[in-house]
Amino acid sequence: MKIILVVNIRFGVLAKNREVKGETCMQKEYVTILEFGTDEIVEKKSRFIGYVKHAETEEEALEFVNEIKKKHYDARHNCYAYTVGVEQPVLRFSDDGEPGGTAGKPILEVITGQELYNVCIVVTRYFGGTLLGTGGLVRAYTDAAKACIMATKTVKNRFVVPFDITTNYTDLGKIQYILGNEGIVILDSVYGEDVLLNTEIFIDDVERIEKLLVEATAARVVVVKSDPIFSMR
């Protein structure tokens with residue numbers, strides 16, 4: 001079994017968030033998958049079954065790989081690739097007995113090509129009796145990886161600041177208008193003597209949104225901010 005480790009990878013559009021006036025900044029958003037997905041393709045009677053799952057750590061990724069291997073213990077190959085981490089993502093792949101570079105690497109290239117983070121893909125192959133050649137294997141593993149991603153949903157995981165907004169009933173409509181106009185979802189509302197709104201705001205927009213709320217209510221609004229978190233909402 002061949003395993004390759006690559007670290008300190010930056011790729012695609014997401015890397016644009018990292019350079020600010022020549023300084024390195026943290027990753028503020030990235031794309032991942034939310035739900036388990038599976039699909040398969042058939043190439044010259046060989047079955048290629050793709051599985052994809054969100055994984056935050058290498059332990060989670062390898063646990064998923066082992067789960068699929070147990071499920072398909074009778075398959076000739078269970079090839080995989082994964083990327084875990086955001087700031088300095090770790091990427092690994094395995095050809096699991098296929099000719100070098102024909103299985104794990106193409107799967108990994110699908111993941112990085114679609115700019116996905118914290119994702120593990122396993123492609124199981126049941127041999128159909130006909131050799132596909134290196135080019136055919138690369139295409140088949142690539143297509144199976146793409147198919148299982150298409151079978152699930154991709155989501156943007158963003159670095160946000162949880163906001164608790166307390167307002168009187170007179171100003172409520174103004175606040176709801178601002179949040180709605182900015183595409184900010186109200187996650188929860190508590191109505192009492194005043195109204196408490198819970199929401200999350202992308203970290204780059206916090207100062208601007210808070211200023212809009214203060215100006216619209218003549219500083220009557222009370223905003224309580226929590227520590228930033230990553231959120232898939």
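Let's start with Arg 208. Arg 208 is partly exposed, at 38% relative accessibility. Keep in mind that this is a predicted model.

What does Arg 208 pair with? Arg 208 makes a salt bridge with Glu 182. The closest N and O atoms of that pair are 3.0 Å apart. This pair links distant parts of the chain. Arg 208 sits in helix H5, and Glu 182 sits in the loop between H4 and strand S11, which covers 186–191. The two residues are 26 residues apart. Glu 182 also counts as partly exposed, at 29% relative accessibility.

Arg 208 has another partner. Asp 205 forms a salt bridge with Arg 208, and here the closest N and O atoms are 3.8 Å apart. Asp 205 is partly exposed too, with a relative accessible area of 25%.

Next, a separate group. Asp 171, Lys 174 and Arg 220 are joined into one network by salt bridges that share partners. Take Asp 171 and Arg 220 from that group. They form a salt bridge, with the closest N and O atoms 2.8 Å apart. Asp 171 belongs to helix H4, residues 169–181, and Arg 220 to the loop between helix H5 (206–216) and strand S13 (222–225), so the pair ties together parts 49 residues apart in sequence.

Is Asp 171 buried or exposed? Asp 171 is buried, because its relative accessible area is 1%, and the cut-off for buried is under 20%. Arg 220, its partner, is partly exposed at 45% relative accessibility. In general, side chains of opposite charge can pair when their charged atoms come close. Overall, the count of salt bridges comes to ten.

Stay in that H5–S13 loop for a moment. Ala 219 is there as well. Ala 219 is not a glycine, yet it has a positive phi of about 70 degrees. Asp 96 is another such case, with a positive phi of about 45 degrees although it is not a glycine. Asp 96 is found in the loop between S8 and H2. Why point these out? Because most residues other than glycine have a negative phi.

Now the inside. The largest nonpolar core has 25 residues. Which of them touch the most other members? They are Phe 48, Ile 107, Val 119, Ile 121, Val 123 and Tyr 141. Several elements give two or more residues to this core. On the strand side, these are S6 (46–54), S7 (77–84), S8 (90–94) and S9 (119–126). On the helix side, they are H2 (104–113) and H3 (133–150). H3 gives the most, with seven residues.

H3 also holds Lys 146. Lys 146 is partly exposed, with a relative accessible area of 40%. Compare its place with that of Ile 121. Lys 146 and Ile 121 are 25 residues apart in sequence, and their C-alpha atoms are 9.7 Å apart in space.

Last stop, the surface. Which residues gather in a patch of negative charge? They are Glu 56, Glu 59, Glu 60, Glu 63 and Glu 67. Glu 67 lies in helix H1, residues 58–71. Glu 67 is partly exposed, at 42% relative accessible area.

To recap, Arg 208 pairs with Glu 182 and with Asp 205. Asp 171 is the buried partner in a salt bridge with Arg 220. H3 gives the most to the largest nonpolar core. The glutamates, Glu 67 among them, form the negative patch on the surface.

Terms used:
Residues are numbered from 1 along each chain as its sequence is written. This is a predicted model: local features need pLDDT of at least 70, side-chain atom pairs count only at pLDDT 80 or more; totals for chains, interfaces and linings use all residues. Side-chain values use heavy atoms; hydrogens and water are left out. Patches are made of residues with over 30% relative accessible area and no salt bridge: like charges are joined within 9 Å, nonpolar side chains (Val, Leu, Ile, Met, Phe, Trp, Tyr) within 5 Å. Accessible areas come from the Shrake-Rupley method with a 1.4 Å probe; for residues, only the protein chains shown count as cover. A salt bridge is a side-chain nitrogen of Lys or Arg within 4 Å of a carboxyl oxygen of Asp or Glu. Lys and Arg count as positive and Asp and Glu as negative; His and the chain ends are not counted. The place of a charge is taken as NZ of Lys, CZ of Arg, CG of Asp or CD of Glu. Helices (H or I, at least four residues) and strands (E, at least two) are DSSP runs, numbered from the N terminus. Buried means under 20% relative accessible area, exposed over 50%, partly exposed in between (1.4 Å probe, protein chains only). A nonpolar core is a set of buried Ala, Val, Leu, Ile, Met, Phe, Trp, Tyr and Cys residues joined through side-chain atoms within 4.5 Å.
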